[in-house]
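The following note is addressed to a colleague who is meeting this structure for the first time. Its points are numbered for ease of reference.

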Amino acid sequence: MGILNITPDSFSDGGEFIEADEACRQAHKLVLEGADIIDCGGESTRPGYTAISVEEEWYRLSSVIAPLAVQGICLSVDTMKAEVARRALRAGAVMVNDVWGLQYDPAMAAVVADFGANVVVMHNRQDIDPHLDLKADFKRFFDYSLEKAQLAGVSTKQIVLDPGVGFGKTPEQNLKAINLISWLRSYYQLPILLGVSRKSFFGHFLGRQKGERLAATIAANLYGVKEGASIIRVHDAQPHEDMVLLNYMLGNLS
């Protein structure tokens, strides 16, 4: 999954693709480099982000989603607002990536069900608790999200779980979230998305600035793939395409 932030304030690439032409060019670049899905976001969700209205978020997304969908590019919309998701799905997106796991907007699950869309249900927390039992909190959060999905009529075949690395967690808990991928997949019998690209916990442990985190990102994603992650969400598609391909080749020698 290639990341396309159509925002002025995302932590890594804010402002780079705010114009529609630039965003569409970046989407095509990511696809050529190996991305199967383009995740389009119109509102930053970095720590300390500035919330925006439905209309502003959709204004940023509207000139990008329809043209890319018409060209056959598989699109996800990264939003926690049901109305933005509705408009994006109507314009041709096929997946909703909700950083609040269907728990922020009460209408989100119904929108996903109405369109028969795929949905990424991400774990999140309002507050960081250094003493948190992360496995227990995963159960609490995902059980509630999956209950909401079931009541709205969302098929389990359409659901992907995301441990929410970088959201409401200490750096150590971010490592633990990656470590729990195999358990999450086994416990819920659902595919897992891993999103760690360029995130700040790499800086915490390694002292690397955001432009120096590619090697750490690849290492974490390789671990995630080996633990059973089905989707990796990245800014840098080509190096990850190479990683996935070579990992597959090495694991399938006769």
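1. Asn124 is buried, with a relative accessible area of 6%. In this predicted model, Asn124 belongs to the loop that runs between β5 (118-122) and α5 (134-152). A polar atom of the Asn124 side chain lies 2.9 Å from the backbone oxygen of Val99. Leaving aside residues up to four places away in sequence, Asn124 touches Val99, Trp100, Phe141, Phe167 and Gly168. Val99 therefore appears both as a contact of Asn124 and as the residue whose backbone oxygen lies 2.9 Å from a polar side-chain atom of that buried residue.

2. Met95 is found in strand β4, which covers residues 95-98. Is Met95 buried or exposed? Its relative accessibility is 7%, so Met95 counts as buried, the limit for that class being under 20%. Residues up to four places away in sequence set aside, Met95 is in contact with Met1, Leu75, Ser76, Val77, Leu89, Asn118, Val119 and Val120. Met95 and Ile159 are 64 residues apart along the chain, and their C-alpha atoms are separated by 9.6 Å.

3. The nonpolar interior deserves a separate point. The largest nonpolar core has 70 residues, of which Leu4, Ile38, Leu75, Ile159 and Leu161 touch the most other members. A second, separate core consists of seven residues, among them Met1, Met95, Leu193 and Ile231. Leu75, from the largest core, touches Ile37, Ile38, Cys40, Ile65, Leu68, Ala69, Ala93, Val94 and Met95, again without residues up to four places away in sequence.

4. On the surface, Leu245, Leu246, Tyr248, Met249, Leu250 and Leu253 make a nonpolar patch of about 680 Å². Tyr248, one of these residues, has its place in helix α10 (residues 237-251). With a relative accessible area of 54%, Tyr248 is exposed, since that class begins over 50%.

5. How many salt bridges does a search of the whole structure find? The search finds twelve. Side chains of opposite charge can pair when their charged atoms come close. Two pairs within helices are described next, followed by a pair that joins two loops.

6. Glu56 and Arg60 form a salt bridge in which the closest N and O atoms are 3.1 Å apart. Both residues lie in helix α2 (residues 54-70), and because they are four residues apart there, about one helical turn separates them. The partners fall into two classes of accessibility: Arg60 is buried at 13% relative accessible area, while Glu56 is partly exposed at 32%.

7. A salt bridge also links the side chains of Asp137 and Arg140, with an N to O distance of 2.9 Å. These two residues lie in helix α5, three residues apart, which is about one turn of the helix. Asp137 is buried, with a relative accessible area of 6%, whereas Arg140 counts as partly exposed at 45% relative accessibility.

8. The third pair is Arg198 and Asp236, whose side chains meet in a salt bridge at 3.1 Å, N to O. Why can this pair be said to tie together parts that are 38 residues apart in sequence? Arg198 lies in the loop between β7 (193-194) and α8 (200-206), and Asp236 in the loop between β8 (231-232) and α10, so the salt bridge spans that separation. Both Arg198 and Asp236 are buried. Elsewhere, Glu55, Glu83, Arg86 and Arg87 are joined into one network by salt bridges that share partners.

9. Two residues merit attention for their backbone angles. Arg198 is not a glycine, yet its phi is positive, at about 60°. Its relative accessibility of 18% places Arg198 among buried residues. Gln189, also a residue other than glycine, has a positive phi near 55°. Gln189 is located in the loop between α7 (181-188) and β7, and at 64% relative accessibility Gln189 counts as exposed. Of these two loop residues, then, Arg198 is buried and Gln189 is exposed.

Conventions. Residues numbered from 1 in each chain as written. Predicted model: local features only at pLDDT ≥ 70, side-chain atom pairs only at ≥ 80, totals over all residues. Heavy atoms only, no water. Buried < 20%, exposed > 50% of the residue type's maximum accessible area, 1.4 Å probe, protein only. Polar contact = N/O pair within 3.5 Å; in protein donor to acceptor, adjacent residues only side chain to side chain. Contact = heavy atoms within 4.5 Å. Core = buried A, V, L, I, M, F, W, Y, C linked by side-chain atoms within 4.5 Å. Patch = residues over 30% accessible without salt bridge, like charges linked within 9 Å, V, L, I, M, F, W, Y side chains within 5 Å. Areas by Shrake-Rupley, 256 points an atom, 1.4 Å probe, with all protein chains shown as cover. Salt bridge = Lys/Arg side-chain N within 4 Å of Asp/Glu carboxyl O.
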